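Here are some short exercises to work through with the structure open in your viewer. Try each task before reading its solution.

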Amino acid sequence: MIVNEQQLAENNRKSMSSYLAPRVRDIQPSGIRKFFDLVSGNKDIITLGVGEPDFVTPWHVREACVYSLERGFTGYTSNAGMPELREAIAEYLNDSFHVTYNPANEMIVTVGGSEAIDLALRALIVPGDEILIPEPCYISYSPIASIGGGVPVGIETTAEHHFKLTAEALEAQTTPKSKILILCYPSNPTGAIMTYEDWLPIAEVVEKHDLIVISDEIYAELTYEGKHVSFASMPGMMDRTILVSGFSKAFAMTGWRMGYVCAHADLIGAMLKIHQYTVMCAPAMGQVAALEALRNGMGEKDRMVESYNQRRRLVVQGLREIGLDCHEPQGAFYAFPSIKRTGLGSEEFAQRLLTEAKVAAVPGTAFGLGGEGFIRCSYATSIAQLNEALERMGNFVEKIK
């Protein structure tokens, strides 16, 4: 009786959706999270979906955090982040990627790279501005742009061009309303990278159309063929590029939510205003851990990258052997195989792979234009799990031929 009364009360409650801002109400839930709600709690399923290292944050990084807590370091830091952390980030970027920022006024330590992207878009967008986004891409760019009043414009990249952005494709989608170009290389979900030679014609288009670039370089350290080339390092691009990165992927610190954004002082000043009024500062103990990672964690970082590279070769070869075409991912920790030969769409393939083979991968359609006919497989999991997943996938593909 009580249950029925409670259910009746719930049914009679007024819907509050009419109060929501349309630009928020109309955003679709994450295609990844919606799919992986089906996986939660099922131990029989091998998950190749979530973009998270399977490594634990190195002990000395965790220990630095614990020690800071024991010393009572639990208050606010500077809004922009601890000066010593910003200085360490500036030194790291200069040494690793040949980009130079003043840690005093050209950098903010943020709550993950996601906050940095949000800050950049909110600081720049005037309602109606077009935001150019190469796709398939990280799922958050378009929703964040829409929330800020911008108009996301997808630019399709293809396996035939190794999922690289081309100047021709960028030029074709650029209009007088275009203001911002969002880049993510190495790419989530494709693993594509861009070389110096690839960037040169892109930089010319950016200059020609006076675009501002948000360059999400969270996977910069996870580049397996040559060195990562930051778009900010290209001739003439430093002042018009907002560089976003963080500690989640390369340093196995996803749950710490430690990111940073670097840009011209005028742009950082605007972003800092928003940051001050929304989050105040990134968590103090997380900043201590990030500083320890930069000072003493390069050896662990390099070992994790080498492990990912080993798994990358295993997964790409395995996918090809079971009959799924797969371009060579040269960065990040994802493979993006084509499932077109099976005759199934991405959603159906992923759903059946989950229910029939107990392997979870993300439908390519979750990542925008060009994603149909592909699935994303993360190889940030153990080799034993990857081998088992490949065997299950092979049996599944053979069954549906």
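**Exercise 1. Partners in the parallel pairs**

Find the residue of β6 that is the bridge partner of I180, then place this strand pair in the sheet.

Solution. Please keep in mind that this is a predicted model.

- Step 1: I180 has I212 as its bridge partner in β6.
- Step 2: This contact belongs to the pairing of β5 (residues 178-184) with β6 (residues 212-216), which is parallel and spans 5 bridges.
- Step 3: The open sheet holds 7 strands in the order β2-β8-β7-β6-β5-β3-β4, and its pairing is mixed.
- Step 4: At the edges stand β2 and β4 (151-156); each has a single partner strand, so one side of each lacks a neighbour in the sheet.
- Step 5: From one strand to the next, the twist averages 20°.
- Step 6: Helix α10 (residues 265-278) packs on this sheet and touches β2, β7 (241-246) and β8. The direction of α10 makes about 35° with that of β2.

**Exercise 2. A strand with two neighbours**

Which residues lie on each side of β3, and are they buried or exposed? Then describe how β3 is joined to β4 and to β5.

Solution. General background helps first.

- Step 1: Side chains in a regular strand alternate between the two faces of the sheet.
- Step 2: In β3, one side carries E130, L132 and P134, the other I131, I133 and E135, and all of these are buried. That agrees with the count for β3 (residues 130-135), where 6 of 6 residues are buried.
- Step 3: Towards β4, the strands run parallel and are joined by 6 bridges, with I131 opposite P152.
- Step 4: Towards β5, the strands also run parallel, joined by 3 bridges, and L132 stands opposite L181.
- Step 5: Follow the chain through β3, helix α7 (residues 141-147) and β4 to trace a right-handed β-α-β unit.

**Exercise 3. A mostly covered helix**

How many residues of α11 are buried, and which elements do they pack against?

Solution. Begin with the helix itself.

- Step 1: α11 (residues 284-296) has 13 residues and reaches 18 Å from first to last C-alpha, close to the 18 Å expected at 1.5 Å a residue.
- Step 2: Of these 13 residues, 10 are buried; among them are A284, G286, Q287, V288 and L294.
- Step 3: The buried residues pack against α4 (59-70), α5 (83-97), β2 (107-111), β8 (258-262) and α12 (298-321).

**Exercise 4. Salt bridges within and between helices**

Where do the salt-bridge partners D118 and R122 lie, and where do E356 and K399 lie?

Solution. Take the pairs in turn.

- Step 1: The D118 and R122 side chains meet at 3.0 Å, N to O. Both residues belong to helix α6 (residues 112-124), 4 residues apart, a separation of about one helical turn.
- Step 2: An α-helix has 3.6 residues a turn, so residues three or four places apart point the same way.
- Step 3: D118 is partly exposed at 21% relative accessible area, and R122 is partly exposed at 41%.
- Step 4: E356 and K399 meet in a salt bridge at 2.6 Å, N to O. This pair links distant parts of the chain: E356 is in helix α13 and K399 in helix α14 (residues 383-400), 43 residues apart.
- Step 5: E356 is partly exposed at 35% relative accessibility, whereas K399 is exposed at 52%.
- Step 6: To finish, the salt-bridge count is 17, and E225, R312, R320 and E328 are linked in a network of salt bridges.

Notes
Residues are numbered from 1 along each chain as its sequence is written. This is a predicted model: local features need pLDDT of at least 70, side-chain atom pairs count only at pLDDT 80 or more; totals for chains, interfaces and linings use all residues. Side-chain values use heavy atoms; hydrogens and water are left out. The expected span of a helix is 1.5 Å times one less than its number of residues. Buried means under 20% relative accessible area, exposed over 50%, partly exposed in between (1.4 Å probe, protein chains only). Contact means heavy atoms within 4.5 Å. Two strands pair if DSSP finds at least two bridges between them. Axes are lines fitted to C-alpha atoms, for helices over the stretch in contact, and angles run from 0 to 180 degrees between N-to-C directions. A crossover is right-handed if, with the strands pointing away from the viewer, the path from the first strand over the helix to the second runs clockwise. A salt bridge is a side-chain nitrogen of Lys or Arg within 4 Å of a carboxyl oxygen of Asp or Glu.
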